[in-house]
Amino acid sequence: MAMIAMCMPILPGKLDMWKEMMAKVTEEPMRSEFAASREAAGVHERSFLQETPHGNFVILTFEGDNPEASFGEIMANMDPEFAAFAKEVHGLDPDAPPPPMPSLIIDTRA
């Protein structure tokens, strides 16, 4: 199984909005819908909040047979409310080409 990890900024002043959306995503019915969308795309997603002196970030991991393709599928099929959220909080436009995928630099098990 393959995995990718990526980092998305939380734009200045948007941390509370991000936390509000994450509260929705972790409660029903949105939790089941969110999990089902990832399962349909063929990945297991984990999200981490990283707060730093230089800003806040979300670290996402996607595990599956082809996580890069799955991320593209997630972007293409994003719920309109979540798409608006991603654009406002992360600056991520679901209608634009996907951002470059991360590059693995070190794998201590390889």
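Contact here means heavy atoms within 4.5 Å, and every view below is drawn from a predicted model.

**View 1. The surroundings of Ser70 in helix H3.** Ser70 belongs to helix H3, which covers residues 67–76. Once its neighbours within four places in sequence are left aside, Ser70 is in contact with Ala41, Gly42 and Val43. Ser70 has a relative accessible area of 4% and is therefore buried, since that term is used for values under 20%. Of the residues in contact with Ser70, Val43 is where strand E2 (43–52) begins, while Ala41 is the last residue of helix H2 (30–41).

**View 2. The open sheet of three strands.** The strands are arranged in the order E1-E3-E2, and their pairing is antiparallel. Strand E1 (2–10) and strand E2 (43–52) form the edges, each of them pairing on one side only. On average, and with direction ignored, neighbouring strands of this sheet are turned by 20° against each other. Strand E3, made up of residues 55–64, runs antiparallel to E2 and is joined to it by ten bridges. Within this view, Arg46 can be found standing opposite Thr61 in E3.

**View 3. Helix H1 against the sheet.** Helix H1, which takes in residues 15–25, lies across E1, E2 and E3. The helix runs at about 150° to E2.

**View 4. Asn56 in strand E3.** Asn56 has its place in strand E3, and with 18% relative accessibility it counts as buried, because the limit for that term is under 20%. When residues up to four places away in sequence are not counted, Asn56 touches Met8, Pro9, Ile10, Leu15, Gln50 and Glu51. Leu15, one of the residues touched by Asn56, is the residue at which helix H1 (residues 15–25) starts.

**View 5. The largest pocket.** This pocket has a volume of about 480 Å³. Its lining consists of 25 residues, and those that lie nearest its centre are Phe34, Arg38, Glu45, Ser47 and Leu60. Two or more residues of the lining come from each of H1, helix H2 (30–41), E2, E3, H3 and helix H4 (80–90). By residue type, the lining of the largest pocket divides into 18 nonpolar, three polar and four charged residues.

**View 6. The second largest pocket.** About 300 Å³ of space lies in this second largest pocket, which is lined by 14 residues, with Glu33, Phe34, Ser37, Arg38 and Asp79 the closest to its centre. The elements that give two or more residues to this lining are H2, H3 and H4, and H2 gives the most, with seven residues. The lining of the second largest pocket divides into seven nonpolar, two polar and five charged residues. Phe34 and Arg38 are named among the residues nearest the centre of the largest pocket, and both are also listed among those closest to the centre of the second largest pocket.

**View 7. Ala36 in helix H2 and its separation from Leu60.** Ala36 is placed in helix H2. At 42% relative accessibility, Ala36 counts as partly exposed, because this value falls between the limits of 20% and 50%. Ala36 and Leu60 are 24 residues apart in sequence, and from C-alpha to C-alpha they are 17 Å apart in space. Leu60 is one of the residues that lie nearest the centre of the largest pocket.

Definitions and conventions: Residues numbered from 1 in each chain as written. Predicted model: local features only at pLDDT ≥ 70, side-chain atom pairs only at ≥ 80, totals over all residues. Heavy atoms only, no water. Pairing = 2+ DSSP bridges. Helix = DSSP H or I, 4+ residues; strand = E, 2+ residues; numbered from the N terminus. Axes fitted to C-alpha atoms, helices over the stretch in contact; angles between N-to-C directions. Buried < 20%, exposed > 50% of the residue type's maximum accessible area, 1.4 Å probe, protein only. 1 Å grid on protein atoms, 1.4 Å probe; cavity = no way out; pocket = protein on both sides within 12 Å on 5 of 7 lines; lining within 4 Å. Points joined across faces, edges and corners; volume = space filled by probe spheres on them. Nonpolar A, V, L, I, M, F, W, Y, C, P; charged D, E, K, R; others polar.
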